[in-house]
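Work through the exercises below with the coordinates open. Each one sets a task and then solves it step by step.

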Amino acid sequence: METKHIGAQSVAFHSTPGILETFSIVGPKEGRGPWGNDFDTILPDEIYGEKTWEKAERKILIEGLSNVITKSGFEPKAIDFLLAGDLLNQIISANFAAASFPISFFGLYGACSTIAEALILGAMLIDGGYAQKVIAAASSHNKTAERQFRFPIEFGSQRPPTAQWTVTGCGTVLLAAGGPNPKVTCATVGKVVDLGSKDPNDLGTAMAPAAADTLVTHFRDFAKNTADYDLIVTGDLGRVGSSILAELMENAGFPFRGNHIDCGISIFATDEDVHAGGSGCAALAVGYSGYLHKRLLAGKINKILIAGTGALLSPLSTQQNENIPGVCHAVAIEVI
Amino acid sequence: MTEQSQAYQKLAQDHIPKPNYLKNTVNAFWVGGLICVVGQVFNNWFIAQGIAKSTAGAYTAITMIFIGALLTGLGVYDEIGKVGGAGSAIPITGFANTIVAAAMDFKAEGYVLGMAAQMYKIAGPVITYGITSAILAGLVQWLIWR
């Protein structure tokens, strides 16, 4: 049988599943950012008419899923699989949101790399012939993440300059067999990389080695280099992680050619008080389904590599002084 | 740590911005100082009302706790904390902030196992070690001056 596994850690999708529709929802702070015009819905507030922040995140994800299905014109039953995840313990946002849809569901946890993980698995399902239509989705919410990973919301603490601001929102992507451009062409599945980072207020430093590892592996597996992509987009390395990544890539012999952006940095206006930038599953999820997808459709860019970066920590592991390993999954999306 | 980890952490250090200690210290000084001045004004006012000096101290503490709690409920104290840092965390208003912020947050998980159980999440260690150190200090005093 012909293998679709390429090199050390990569796969190629011979049937190149297409991205049929996307939908993005963000909070007000994200809506004020430079990508504000690219999002489908900007919420006026983060509580979204709900009683708890967790319910608000779930509602955001449900809305994102409903809308991407409605936009596509298909019945929910026509979707073969839903692949979704979020940051909350036991991925309750994705699990509970999935209860609203009659779609076979895989819950994923890849921390902030979830949307890339979902896209890779979704493309594999389609390319393997197991599905015709798959939705990949991820959500995060600033307030639910604060509550779970940091402090009570009204607690008056000072953040260090390396801290990041969790993006509120969700991005949903509908993949279809034989679908239109842009297409998912190949991917590199990351290894978990642990280089001894321990600071939960500096996740960029924790994730950058994983990002470098996956990107370098991607270029080696496909005998490509950074110039082969119009844009290389990382999820949420923030300013610290991006700066480290640039040096790591340079040292590995794959320097960026001014074509690297990080959704965590780009999503917020520079005068927002977000320190090293944004983070969260939604950073890359809305970055792709909002900003990048529209640029691909408009022909402004043709070939991008999106690299979801996840910091694999829990409040418990941090308190027990464990290291924070990182993981990064890269997906190539191209207009062919 | 492995050699590779050590090399990476060394490389990363050059990219990690340091907090602006001077600015943070100055802000902590004036924010903390301002909170103390407000407390002193109340203290003087209570004494001027003819309240005994020792009782006026308790009244002042109660008033400042109320203000800290109110500003937390109004969503202002976290903004003060962002600027003031230790200056707004150390005074008794900061202590009120830790309890009220936690109580507000955990109300969603119910009044018993949520709010009541979790409201000391941040303040708890302060109470525990505060009492422990008070007992130790009392013991030392007793040993020296009994």
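**Exercise 1. Determine how many residues each chain brings to the contact between chain B and chain A, and how much area is buried there.**

Step 1. Taking contact as heavy atoms within 4.5 Å, chain B contributes 32 residues and chain A contributes 27 residues.

Step 2. Buried area is the accessible area (1.4 Å probe) that two parts lose on being put together, summed over both. Between chain B and chain A this comes to about 2,500 Å², with 59% from carbon and sulfur atoms.

Step 3. On the chain B side, B:Tyr8, B:His15 and B:Asp105 supply 26% of the area buried against chain A, more than any other three residues.

The model is predicted: local features need pLDDT of at least 70 and side-chain atom pairs count only at pLDDT 80 or more, whereas totals for chains, interfaces and linings use all residues. Residues are numbered from 1 along each chain as its sequence is written, chains are lettered from A and ligands numbered from 1 in the order in which they are written, and side-chain values use heavy atoms, with hydrogens and water left out.

**Exercise 2. Describe the polar side of the interface of chain B and chain A, and state which helices of chain B supply residues to it.**

Step 1. Apply the salt-bridge rule (a side-chain nitrogen of Lys or Arg within 4 Å of a carboxyl oxygen of Asp or Glu). It finds three salt bridges across this interface. One of them pairs B:Asp105 with A:Arg147, at 3.1 Å from N to O.

Step 2. Apply the polar-contact rule (a pair of N or O atoms within 3.5 Å; within protein, one must be able to donate a hydrogen and the other to accept it, and residues adjacent in sequence count only if both atoms are side-chain atoms). The result is 13 residue pairs, both residues at pLDDT 80 or more.

Step 3. Helices (H or I, at least four residues) and strands (E, at least two) are DSSP runs, numbered from the N terminus. On chain B, helix 1 (3-13), helix 4 (77-84) and helix 6 (92-106) each supply at least two residues of the side that touches chain A. Helix 6 of chain B gives the largest share, seven residues.

Step 4. Sort that side by class, with Ala, Val, Leu, Ile, Met, Phe, Trp, Tyr, Cys and Pro as nonpolar, Asp, Glu, Lys and Arg as charged, and the others, Gly among them, as polar. The side of chain B that touches chain A has 15 nonpolar, twelve polar and five charged residues.

**Exercise 3. Characterise the interface between the two domains of chain A.**

Step 1. The assignment, automatic or from a database, gives domain 1 (5-176) and domain 2 (183-334). Their C-alpha centres lie 17 Å apart.

Step 2. In domain 1 of chain A, 60 residues are in contact with 66 residues of domain 2. The buried area is about 4,900 Å², 64% of it from carbon and sulfur atoms. A:Gln9, A:Trp35 and A:Gln164 lose the most area on the domain 1 side, together 18% of what that side buries.

Step 3. Three salt bridges are counted between the domains, and 26 residue pairs are in polar contact. By class, the side of domain 1 that touches domain 2 has 32 nonpolar, 20 polar and eight charged residues.

**Exercise 4. Which residues form salt bridges with A:Glu272?**

Step 1. A:Lys29 meets A:Glu272 at 3.8 Å, N to O.

Step 2. A:Arg32 also bridges to A:Glu272, with the closest N and O atoms 2.9 Å apart. A:Arg32 and A:Glu272 are 240 residues apart, A:Arg32 in the loop between helix 1 and strand 4 (41-42) and A:Glu272 in the loop between helix 8 (263-266) and strand 13 (278-279) of chain A.

**Exercise 5. Which peptide bond involving A:Pro182 is cis, and where does A:Pro182 lie?**

Step 1. The cis bond joins A:Asn181 and A:Pro182, with omega about -5°.

Step 2. A:Pro182 lies in the loop between strand 9 and strand 10 (183-188) of chain A.
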